[in-house]
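Biologist: I'd like a close look at just one part of this model rather than a full tour. Could you pick a spot and talk me through what surrounds it?

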Amino acid sequence: MKIAIVGASGAVGQEFLRILEERPLPVDELLLFGSARSEGRRYRFRGGELTVRRLQHNDDFRGVDFALVSAGASTSREFAATITRHGTVMIDNSSAFRMEEDVPLVVPEVNGADARRAPRGIIANPNCTTIQMVVALRPIEELARIRRVHVATYQSASGAGASAMAELEAQHGALAAGREAPVEKFAHQLAYNLIPHIDIFTENDYTKEEMKMYHETRKIMHSDIAVSATCVRVPVMRAHSESLWVETERPVTVGEARAAFARAAGVELMDDPARGIYPMPLFAAGKDPVYVGRIRRDLASECGLAFWCVSDQIRKGAALNAVQIMESLLD
């Protein structure tokens with residue numbers, strides 16, 4: 001099997017490398033592609049060393065089975081035809097194709113079969129916050145149809161890239177030294193702060209990030225589920241958290257929900273609050289599951305449940321989900 005990583009030097013590209021190193025996939029050849037800036041960089045993989053090639057409009061993807069792409073929406077749009085021209089399946093991590101009708105939007109634990117219907121040879125990876133939410137919603141949906149979801153996200157600095165992580169570190173360092181915190185990547189200082197503003201605001205005063213959760217969830221779950229989101233950047237380095245209030249067609253007990261989460265693929269139950277056991281980003285970073293806890297009845301709705309979930313948005317929210325899509329096509 002021949003695989004390509006496009007955007008190999010970025011945070012998700014590096015996570016692709018780590019995941020492919022860890023998992024028992026029959027990778028006969030791995031090609032790395034990037035921008036002119038990253039061309040020539042070298043990375044270790046399975047005992048060897050790989051060199052990043054410059055992404056160009058040529059026949060470099062001839063014979064490539066899968067391309068794992070995380071280089072931004074504009075690059076994905078520009079190079080999609082080049083990547084898929086010779087039959088390569090493009091699994092794209094950007095927002096470029098997510099809502100196009102002939103491009104499946106896939107989370108394997110939820111709608112894995114959709115990946116096999118990709119007429120353009122493109123499969124879209126959802127937004128990170130959507131991925132972890134639908135993995136957690138699926139077990140509840142199997143018990144009773146979900147009518148609506150209210151969700152507040154607590155998104156780490158790494159969701160905005162390596163430069164955002166560096167800025168958060170620089171802000172803490174500057175403030176500790178009595179200097180003014182540098183602000184370039186975020187709308188405001190993130191250190192010692194929360195910013196209820198991720199991506200740009202739309203005409204309805206929701207941000208694009210919040211509207212992604214609305215539209216993507218409906219497409220993935222093949223449902224008219226209503227989602228109202230508030231997305232917040234928090235001064236955490238890695239792993240996103242979400243607080244969810246879910247309303248179902250019939251009441252679902254806390255016991256039913258716990259049992260469903262315990263047996264669900266991709267979910268790890270951490271729900272013993274009396275002993276201080278619940279998901280936290282500090283311990284989810286670098287790990288694969290979507291962790292679920294703080295499960296309780298919603299006091300504001302007879303058919304409501306409330307719970308908390310945490311997941312590493314670079315792994316399950318991006319690179320791991322894309323690799324799992326590829327693995328599902330190999331079965």
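Modeller: Sure. One term before we start: when I say contact, I mean heavy atoms within 4.5 Å. Angles between axes run from 0 to 180 degrees and compare N-to-C directions. And keep in mind that this is a predicted model.

Let's take helix H6, residues 208–221. H6 lies across three strands, E8, E9 and E10, and its direction makes an angle of about 145° with E9. Those strands belong to an open, mixed sheet of 6 strands, ordered E9-E8-E10-E13-E12-E11. E9 (226–233) sits at one edge and E11 (267–269) at the other, each pairing on one side only. From one strand to the next, the twist averages 25°.

Now zoom in on E8 and E10. E8 covers residues 146–155 and E10 covers 240–248, and the two pair antiparallel over 8 bridges. If you want a spot to click on, try histidine 150, whose bridge partner in E10 is tryptophan 245.

H6 isn't alone on these strands. H4 (residues 128–143) also lies across E8, E9 and E10, and its reach takes in E11, E12 (290–297) and E13 (304–311) as well. Relative to E10, H4 runs at about 40°.

What about empty space around H6? The helix has a part in two pockets. The second largest holds about 200 Å³, and H6 gives the largest share of its lining, with 5 residues. Look there for Lys208, Met211, Lys212, His215 and Glu216, which are among the lining residues along with others such as Arg77, Arg98 and Glu100. The lining breaks down into 6 charged, 3 polar and 3 nonpolar residues.

The largest pocket comes in at about 1,200 Å³. H6 supplies at least two residues of its lining, as do H1 (11–22), H2 (73–84) and H9 (315–330). The full lining is 48 residues, and Ser70, Gly72, Gly159, Ala160 and Gly161 are the ones nearest the centre. By class, 21 of the lining residues are polar, 18 nonpolar and 9 charged.

So here's the picture to keep in view: H6 lies across E8, E9 and E10, while also lining the largest pocket and giving the second largest pocket the largest share of its lining.

Technical notes. Residues numbered from 1 in each chain as written. Predicted model: local features only at pLDDT ≥ 70, side-chain atom pairs only at ≥ 80, totals over all residues. Heavy atoms only, no water. 1 Å grid on protein atoms, 1.4 Å probe; cavity = no way out; pocket = protein on both sides within 12 Å on 5 of 7 lines; lining within 4 Å. Points joined across faces, edges and corners; volume = space filled by probe spheres on them. Helix = DSSP H or I, 4+ residues; strand = E, 2+ residues; numbered from the N terminus. Nonpolar A, V, L, I, M, F, W, Y, C, P; charged D, E, K, R; others polar. Pairing = 2+ DSSP bridges.
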